[in-house]
Amino acid sequence: VPSSARAESLANLLLYERPERTVVFCATRQQARELSELLPLLGIPAGLISGELEQNARNRALEAFREGRCHVLVATDVAARGID
């Protein structure tokens, strides 16, 4: 998939498959932020885990993901190291 169409392709896949929970890794903070903002606009609840967020915000995103309030967790590669 060309990089310009990746977000839309991912959204289509998520809407088609309807997974219960999905973690998406992005190479940069900007890519992660943009994707986490786009998905809810398309009806896909998403949270963000990134090094630019304060720990409290990262904890809230993880809690929402665990509780099923968001179905997609978008994370940068670096931030993902702390996810278990």
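**Architecture and residue environments of the predicted model**

In the predicted model, a polar atom of the S36 side chain is placed 2.9 Å from the backbone oxygen of R33. S36 belongs to helix α2, which covers residues 29-41. With a relative accessible area of 10%, S36 falls under the 20% limit and is therefore classed as buried. Beyond its neighbours within four places in sequence, S36 makes contact with A46, G47, L48 and V74. Of these contacts, A46 reappears in the strand pairing, where V72 in β3 is its bridge partner.

The overall fold comprises four helices and three strands, and these elements follow one another from the N terminus in the order α-β-α-β-α-β-α. The radius of gyration is 12 Å, close to the 12 Å that the globule rule gives for 84 residues, so the protein is as compact as a globular protein of that length. The C-alpha trace spans about 30 × 25 × 20 Å along its principal axes. Buried residues make up 32% of the 84 residues. Among contacts with a separation of 6 or more, 65% are accounted for by residues 24 or more positions apart.

The three strands form an open, parallel sheet in the order β1-β3-β2. The edges of the sheet are occupied by β1 (22-26) and β2 (46-49); each has a single partner strand, so one side of each is left without a neighbour in the sheet. On average, and with direction ignored, neighbouring strands are turned by 25 degrees against each other. Strands of a sheet pair through backbone hydrogen bonds, in either a parallel or an antiparallel manner. Here, β1 and β3 are paired in the parallel sense over five bridges, and C26 has T76 in β3 as its bridge partner. Four bridges join β2 to β3 (residues 72-76), again with the strands running parallel.

In a regular strand, side chains alternate between the two faces of the sheet. The two faces of β1 are distinguished by their coverage: T22, V24 and C26 lie on the covered face, whereas V23 and F25 lie on the uncovered one. From the covered face, V24 and C26 are included in the largest nonpolar core.

In soluble globular proteins, nonpolar side chains tend to be buried together. The largest nonpolar core of the model has twelve residues, namely L10, A11, L14, V24, C26, A32, L35, L39, I44, L48, V72 and V74. At least two residues of this core are supplied by each of α1 (6-17), β1, α2 and β3. Apart from this core lies another, of seven residues, which includes I49, A61, F65 and A75. V72, a member of the largest core, touches L14, T22, V24, L39, I44, P45, A46, G47 and F65 when residues up to four places away in sequence are not counted. Among these contacts of V72 is thus F65, a residue of the seven-residue core.

Helix α2 also carries residues with greater relative accessibility than the 20% limit for burial. Q31 lies in this helix and, at 38% relative accessibility, counts as partly exposed. The side chain of Q31 reaches the backbone nitrogen of A27 at 3.2 Å. The C-alpha atoms of Q31 and G51, which are 20 residues apart along the chain, are separated by 13 Å. R29 is likewise located in helix α2 and is partly exposed at 44% relative accessibility. With residues up to four places away in sequence not counted, R29 touches S50, G51, E52 and T76. The C-alpha atoms of R29 and E52 are separated by 7.5 Å, with their positions 23 residues apart along the chain. T76, contacted by R29, is also the bridge partner of C26 in the sheet.

Most residues other than glycine have a negative phi. R18, although not a glycine, has a positive phi of about 50 degrees. This residue, R18, is placed in the loop between α1 and β1, where its relative accessible area of 58% classes R18 as exposed.

Notes:
Residues are numbered from 1 along each chain as its sequence is written. This is a predicted model: local features need pLDDT of at least 70, side-chain atom pairs count only at pLDDT 80 or more; totals for chains, interfaces and linings use all residues. Side-chain values use heavy atoms; hydrogens and water are left out. Two strands pair if DSSP finds at least two bridges between them. Axes are lines fitted to C-alpha atoms, for helices over the stretch in contact, and angles run from 0 to 180 degrees between N-to-C directions. Buried means under 20% relative accessible area, exposed over 50%, partly exposed in between (1.4 Å probe, protein chains only). A polar contact is a pair of N or O atoms within 3.5 Å; within protein, one must be able to donate a hydrogen and the other to accept it, and residues adjacent in sequence count only if both atoms are side-chain atoms. Contact means heavy atoms within 4.5 Å. A nonpolar core is a set of buried Ala, Val, Leu, Ile, Met, Phe, Trp, Tyr and Cys residues joined through side-chain atoms within 4.5 Å. The radius of gyration is taken over C-alpha atoms; the globule rule is 2.2 Å times the number of residues to the power 0.38.
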